[in-house]
Amino acid sequence: MGKSEIREKINNSYLRRALKNFAAAYPVARAKALEGIDFEGLRSRISESKRGVLRRLPELVAEFTRNAEKAGATVHFCRTRDDANRTIHRIMQEQGATFLVKSKAMTSEEIELNHYLEKQGVRCLETDLGEWIIQLAGERPSHMVLPAIHKNKEEVAELFSKATGKELPADIPTLVKAAREALRSGFLTGQVGLSGGNVAIAGNGAIGIMTNEGNARLVTTIPRTHIALIGVEKIVPDLAAALDVMEILPKNATGQKITSYASFIKGPTGGEGRALHIVLLDNGRMELALDPLFSEALTCVRCGACANVCPIYEIVGGHVFGHIYVGGIGLVITPFLHGFDKAEDILKLCIGCRKCNEVCASKINIEGLIVDLRDRIRKPTGQKFLFGTFMKNRKLFHGALRAAYLAQKPFQGEGGRIRHLPLVLNSDVGGKSLPPIAEKPYRDLVKEGSSRSPLPDPRSREKVLFFTGCLADFVFPEICRDAQESLELLGYQVSFPQNQLCCGIPARYSGEMEVARDMARLNIDVLLAEGADYIVTICPTCTVSLKHDFLKLLEGEPVYHAKAVKLAEKVFNYSELAAKRLGTGDRGPGTRGSGMVNGTPHAARETITYHDACHLRRGCGVYEEPRRVLRELAGVEIREMTDCDKCCGFGGSYSFKFPEISAEVLKNKKENIKESGVTTVAVDCPGCKMQIEGGLETDGSSIRVEHSATLVARRLRR
Amino acid sequence: MVYQFAEAAEAVGSTVKRFSAMAEALRYLRDLIKEEKVAVSELPDEYAALRDAFPPADPCEYPQVRFCLSSAQAGIARTGTLLLDLGDPTGRSATALAPIHLVLLKESTILPDLRSAAPLLGAALDAGTNAYLSLTTGPSRTADIERVLTIGVHGPRELHILILEGA
Ligand code: SF4
Ligand code: SF4
């Protein structure tokens with residue numbers, strides 16, 4: 001996966017349109033299919049059951065094998081891909097068969113079965129329409145459920161015309177009919193049929209297969225020998241667990257309530273001469289099942305939803321975003337099934353928006369696993385120094401940022417903004433302008449006292465420590481000032497500890513866990529030293545780091561872990577803390593009292609839109625408070641935009657590593673903002689502000705992007 | 001529930017007809033099938049009157065036959081799904097090959113949802129015998145080319161569900 005491949009996908013207009021349409025249609029269909037279903041309850045049950053299976057996988061493999069064989073099936077446990085390929089070939093040879101007719105099985109793609117068998121002189125025919133297209137094109141699937149989503153009807157017409165020897169028009173019903181006719185003889189003459197399987201039920205030895213086209217029923221019926229190739233993690237204890245999986249799969253996969261066909265097969269049916277072989281594929285799964293951190297990845301039911309909602313998948317598709325398995329989970333399991341060398345590049349492609357976690361049928365912390373896996377891959381040269389020495393040393397890091405202020409001057413364009421970033425950072429920023437580094441960071445303004453609290457400081461007020469985060473400190477000191485002043489106007493006593501350090505997220509996301517751990521310890525000591533009531537952040541990424549990641553990073557260190565727990569209880573986002581003052585009418589002693597906002601008549605209120613930062617909405621589960629704070633404290637009305645919680649494409653250093661992808665994700669966001677017809681977008685994240693503001697400005701748009709703190713401060717100061 | 005079943009089944013492209021007597025169902029089938037041969041799958045003797053009204057196709061003719069007639073063990077109202085017991089591969093191939101699949105369903109066997117069908121499925125799968133059960137919902141479909149829904153890929157293009165009321 002190189003830059004040129006990414007560019008090629010971005011410029012493939014059919015692919016882009018197809019994925020964009022799907023991204024828009026999918027959530028609607030999914031929500032409809034899930035009507036009346038307790039999704040959280042269902043996926044919690046699946047997650048629990050599947051985790052339970054992993055804990056006793058060898059035992060369940062034995063139980064399944066026993067029961068399936070009692071019903072007359074033959075079960076083959078295959079440790080490796082080679083092993084599985086050879087086993088399937090042997091079964092064919094025993095039948096004297098040279099023609100294998102197949103329905104869809106991702107496991108077959110995983111072991112590259114067609115490739116292996118064809119070298120042995122066995123003909124393989126894919127009968128799932130999407131898989132057949134892919135087979136004719138000599139490609140691999142770009143989606144686990146819709147394998148040929150990247151092919152348009154013109155390409156399909158060309159492929160089918162070549163395969164059938166007829167001149168076929170690019171008309172979908174005609175093409176489907178042609179496929180029906182062409183593949184019919186395959187079903188009737190195929191000597192052995194191969195299918196995958198969605199579940200394997202230990203308790204009775206049956207397997208379950210779901211399809212829409214009806215090809216699996218033909219493949220498992222007409223040839224007298226049926227081979228089912230199933231990943232060993234598909235084993236479920238009983239029918240109830242199987243039904244849970246089969247219930248969620250179609251809803252999450254394509255937004256269908258149920259597939260046209262769901263079949264349960266127990267043993268061979270039809271008497272003499274009929275055989276069922278079940279090939280259970282290990283290929284690293286048994287070992288992964290024992291991994292304390294990553295075994296979770298095996299609870300996946302392969303619904304593909306994590307790809308369906310992924311903003312990066314939407315831009316580049318599955319040939320870039322994954323290997324054989326695609327989407328978020330593809331990034332996670334590729335290293336275990338296909339080796340770390342295959343995974344190195346793709347693991348960097350995730351922007352960390354956590355959309356996938358929200359929809360996962362098995363409640364997997366996909367994004368978290370991706371971040372943790374980066375720790376295990378090779379790091380680029382120079383990264384060790386950047387994070388290990390440079391960023392950890394506050395004076396050095398901040399010194400460099402100050403130097404950058406001077407160095408950037410010649411690059412500043414109109415309005416002081418930068419179109420090319422000098423120094424260490426990449427010059428290719430994907431066609432957006434960047435705000436300059438401020439002349440004086442907030443930490444200096446605080447020292448000089450130019451940001452003095454406008455209010456007296458009675459002791460009775462709750463004490464808040466302000467953790468600004470690097471970006472706000474050095475690029476947006478005015479947001480810091482707005483946050484501090486507005487919180488003070490709301491009755492808090494706010495102070496800024498000078499020794500605070502980068503929250504460690506950039507290091508953690510780059511796989512430098514040791515450095516992140518060091519930063520966590522240093523920050524904990526600084527923030528707990530003053531015995532404050534709250535720690536407030538204005539950057540959700542910092543919140544996630546302080547509140548959640550520190551706990552995880554320091555799991556193995558009892559003393560610091562206990563401190564991290566204490567810290568986590570005190571950390572809040574700006575809006576959460578501001579929201580604590582809502583409805584009480586209480587702004588704290590010494591403030592100017594309440595009722596300032598509620599006096600504004602509705603009609604006079606400005607209407608704005610709100611962009612949910614990924615780390616605030618899905619990282620902290622906070623989305624109501626910001627809206628309430630904006631309505632009640634900033635006195636504005638909110639008109640929601642489409643996909644208000646979809647990533648803006650910033651992702652910290654992501655926008656510098658993959659500027660083109662970042663710019664495309666941003667483009668979608670800008671369109672939605674413009675469509676909402678407002679003149680202001682509120683955000684709660686300096687990163688989102690930088691990204692969206694830069695994008696809008698490049699377009700010549702006059703829409704302003706403001707941090708909530710700014711809007712609240714403006715209002716409260718009046 | 002029969003109403004909910006019909007609505008759900010029609011929503012996914014099935015044709016649903018309701019009959020209060022076997023003779024009415026026969027009339028419907030006659031109009032549709034006329035003199036053509038029919039592939040019969042899993043049709044117990046209680047339906048002999050319907051089964052014997054049409055010339056039976058030989059299994060070797062199944063790939064060319066237009067109609068397949070069978071009966072369901074149960075229906076699922078929520079999704080308009082049929083539970084078919086397809087243990088015999090010859091009959092099973094008929095239900096998968098014929099472009100038009102006609103299924104008889106007794107009103108009394110309609111269950112509210114998938115979960116309530118679990119005991120039936122469980123009993124069939126836990127029994128000592130081998131089994132092939134199919135939950136069938138609507139005709140065969142694909143969205144593999146440009147995600148455009150197209151009916152009738154490999155399986156039936158039409159699924160007619162004949163509900164026998166009071167049965
Ligand atoms: S976190 Fe976001 S970018 Fe990463 S895999 Fe999940 S959906 Fe895609
Ligand atoms: S990781 Fe979750 S969302 Fe992705 S395919 Fe697996 S079950 Fe579905």
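Strand E5 (residues 81-85) of chain B is mostly covered, with 4 of its 5 residues buried. The model described here is predicted, and the account starts from this strand before turning to chain A.

**The sheet in chain B**

On one side of the pairing scheme, strand E4 (residues 74-76) of chain B is joined to E5(B) by 3 bridges, and the two run antiparallel; within this pair, B:Gly75 has B:Leu82 as its bridge partner. The hairpin of E4(B) and E5(B) has 4 residues between the strands, and in that hairpin B:Gly80 takes a positive phi near 70°. E5(B) is also joined to strand E8 (residues 131-136) of chain B, again in the antiparallel sense, by 4 bridges, and here the bridge partner of B:Leu83 is B:Leu135.

B:Leu83 is also one of the residues touched by B:Leu120, together with B:Ala74 and B:Leu111, when residues up to four places away in sequence are not counted. B:Leu120 itself is found in helix H5 (residues 118-126) of chain B. Is B:Leu120 buried or exposed? Its relative accessibility is 38%, and because buried means under 20% and exposed over 50%, B:Leu120 counts as partly exposed. From B:Leu120 to B:Ile163 there are 43 residues in sequence and 19 Å in space, C-alpha to C-alpha.

**A parallel arrangement in chain A**

Strand E11 (residues 463-467) of chain A is likewise mostly covered, since 4 of its 5 residues are buried. E11(A) pairs in the parallel sense with strand E12 (residues 493-495) of chain A over 3 bridges, and A:Val464 has its bridge partner there in A:Val494. A parallel pairing over 4 bridges also links E11(A) with strand E13 (residues 534-537) of chain A, where A:Val536 stands opposite A:Phe466.

**Domains and nonpolar cores**

The domain assignment of chain A gives domain 1 (50-287), domain 2 (402-581) and domain 3 (586-717). Between domain 1 and domain 3 of chain A, the C-alpha centres lie 47 Å apart.

The largest nonpolar core has 132 residues, and those with the most contacts inside it are A:Phe64, A:Phe264, A:Ile278 and A:Ile661. Helix H12 (residues 239-254) of chain A gives the largest share of this core, namely 8 residues, while domain 1 and domain 3 of chain A each contribute at least three. Around A:Ile278, leaving aside residues up to four places away in sequence, the residues touched include A:Phe64, A:Ala68, A:Val75, A:Ile207 and A:Ile230, and also A:Thr74 and A:His76. A second, separate core has 60 residues, among them A:Val475, A:Tyr492, A:Leu666 and A:Cys688.

**The two ligand shells**

Which residues of chain A come nearest to ligand 1? Of the 14 residues around this ligand, they are A:Cys310, A:Cys350, A:Cys353, A:Arg354 and A:Cys356. Helix H15 (311-316), helix H18 (355-359) and helix H19 (366-374) of chain A are the elements that give two or more residues to this shell. Ligand 2 is surrounded by 13 residues, the closest being A:Cys300, A:Cys303, A:Gly304, A:Cys306 and A:Cys360. The composition of the two shells by class is set out below.

| Shell | Nonpolar | Polar | Charged |
|---|---|---|---|
| Ligand 1 | 9 nonpolar residues | 2 polar residues | 3 charged residues |
| Ligand 2 | 11 nonpolar residues | 1 polar residue | 1 charged residue |

Notes
Residues are numbered from 1 along each chain as its sequence is written. Chains are lettered from A and ligands numbered from 1 in the order in which they are written. This is a predicted model: local features need pLDDT of at least 70, side-chain atom pairs count only at pLDDT 80 or more; totals for chains, interfaces and linings use all residues. Side-chain values use heavy atoms; hydrogens and water are left out. A residue is near a molecule or strand if one of its heavy atoms lies within 4 Å of it. Ala, Val, Leu, Ile, Met, Phe, Trp, Tyr, Cys and Pro count as nonpolar, Asp, Glu, Lys and Arg as charged, and the others, Gly among them, as polar. A nonpolar core is a set of buried Ala, Val, Leu, Ile, Met, Phe, Trp, Tyr and Cys residues joined through side-chain atoms within 4.5 Å. Buried means under 20% relative accessible area, exposed over 50%, partly exposed in between (1.4 Å probe, protein chains only). Domain bounds come from an automatic or database domain assignment. Contact means heavy atoms within 4.5 Å. Two strands pair if DSSP finds at least two bridges between them.
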